[in-house]
Amino acid sequence: MSVDERIVAWLRAAAGPVSGEALARRLGCSRAAVWKRIAGLRRQGYRITAQPAGGYTLAAAPDRLGPAELAPYLSGSWRRIEWRAEVDSTQRVARDLARAGAPEGTAVIAERQTAGRGRLGRSWHSPAGLNLYCSIVLRPVLPPSAVPQVTLVTGAAVAATVEEETGLRPAIKWPNDVLLGGRKVAGILVEMDSEIDRVHHLLVGVGVNLNTPRAGFPPELRRKATSLLVATGRPVHRAAFAGRLLAALEARYGRFSTVGFASVRAEWESYSCLTGTEVSVASPGGEIAGRVLGLDADGALRLRRRGGREVRIVAGEVTVRDGYRD
Ligand code: BTN
């Protein structure tokens, strides 16, 4: 944590006002240096009151997702938060940090992305200060072929967090779209650095539309996308949501790492909106049509083709031919 973040965390945790002298002692600096820091924090939007004899009190914090704001909501062991006001993509920042040795569970969170990335070369709409844009560094001991399972593990964590927050039951469209009322509310992009038979690290990117109002989506997304605010009419406390999501992912990823994908499969399937529907899949091997039977033990999608033959899809873009449509 930076010096500013430590000051905010202490003020937040204190039962009453904290004296400038106490802050100076903890930081190993002068009272004048503390005063300068407090003035800087006020310029960043923190409301810090000061009583001449009583010390400093944190009256209000800006709505942002920095380590000090998240600290009260982090319940697992993933506590390294790399906050940025603006980035091209949190995936790029996470990759740089991972290559420089960032530990498992490091989470890069930005208020805004100028080039947020989705799957299949798409972009991810990332306006400032409204939503969650997060990339988490993971270092699983896995062959690259098992990495798609991490997408599913993440999808289950995102869906469970959305349900906990809203009380509404989201759906997952294989492999990774989380939907509310048939519209996309969250997306997951898992990228990796690997050798042929060994993963070095994964970058698990999660974008969740939290507080974007309907009019805040560009016209071409308005029919396809939604946010928790639009779905419930209530704004979301972003730091609380981010803390819940990190804990939900850490718990599921922990089970996945020790027990395997079976530990998450039933939960994932309970959210799946594809089972039983007729779909066509644009996969690397061409277009495949069939009825979805469910998920295989390793996370592949099982389809029954028209002639009755069963096939497994490990990667591809699904279009539903009845019921929910893109
Ligand atoms: C998709 O559904 O296509 C995946 C969207 C993933 C978006 C997130 S936002 C945080 C992270 N940074 C990015 O550039 N993309 C992911």
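In this predicted model, strand S8 (183-194) is the element that gives the most to the lining of the largest pocket, with five residues. Helix H5 (90-99), strand S5 (132-138), strand S7 (177-180) and strand S9 (199-208) are further elements that each supply at least two residues of that lining. Nearest the centre of the largest pocket lie Arg-122, Ser-123, Trp-124, Lys-184 and Leu-221.

S8 also supplies at least two residues to the lining of the second largest pocket, as do helix H6 (147-166) and strand S13 (310-313). Here H6 gives the most, with five residues. The residues nearest the centre of the second largest pocket are Pro-148, Thr-151, Pro-175, Val-314 and Ala-315.

The two pockets are set out below.

| Pocket | Volume | Lining residues | Classes of lining residues |
|---|---|---|---|
| Largest pocket | about 830 Å³ | 40 residues | twelve nonpolar, 15 polar, 13 charged |
| Second largest pocket | about 420 Å³ | 21 residues | twelve nonpolar, six polar, three charged |

A helix pair is also described. The axes of helix H1 (residues 3-13) and helix H2 (residues 20-27) come within 11 Å and cross at roughly 135°, which means that H1 is oblique to H2. The crossing of H1 past H2 is right-handed. On the H1 side, Val-3, Arg-6, Ile-7, Trp-10 and Leu-11 make the contact, and on the H2 side Leu-23, Arg-26 and Leu-27 do so. Classed by residue type, this contact of H1 with H2 comprises six nonpolar and two charged residues, with no polar ones.

How values were computed:
Residues numbered from 1 in each chain as written. Predicted model: local features only at pLDDT ≥ 70, side-chain atom pairs only at ≥ 80, totals over all residues. Heavy atoms only, no water. Axes fitted to C-alpha atoms, helices over the stretch in contact; angles between N-to-C directions. Helix = DSSP H or I, 4+ residues; strand = E, 2+ residues; numbered from the N terminus. Parallel < 35°, antiparallel > 145°, perpendicular 65-115°, else oblique. Left-handed = near helix turned anticlockwise from the far one by under 90°. Contact = heavy atoms within 4.5 Å. Nonpolar A, V, L, I, M, F, W, Y, C, P; charged D, E, K, R; others polar. 1 Å grid on protein atoms, 1.4 Å probe; cavity = no way out; pocket = protein on both sides within 12 Å on 5 of 7 lines; lining within 4 Å. Points joined across faces, edges and corners; volume = space filled by probe spheres on them.
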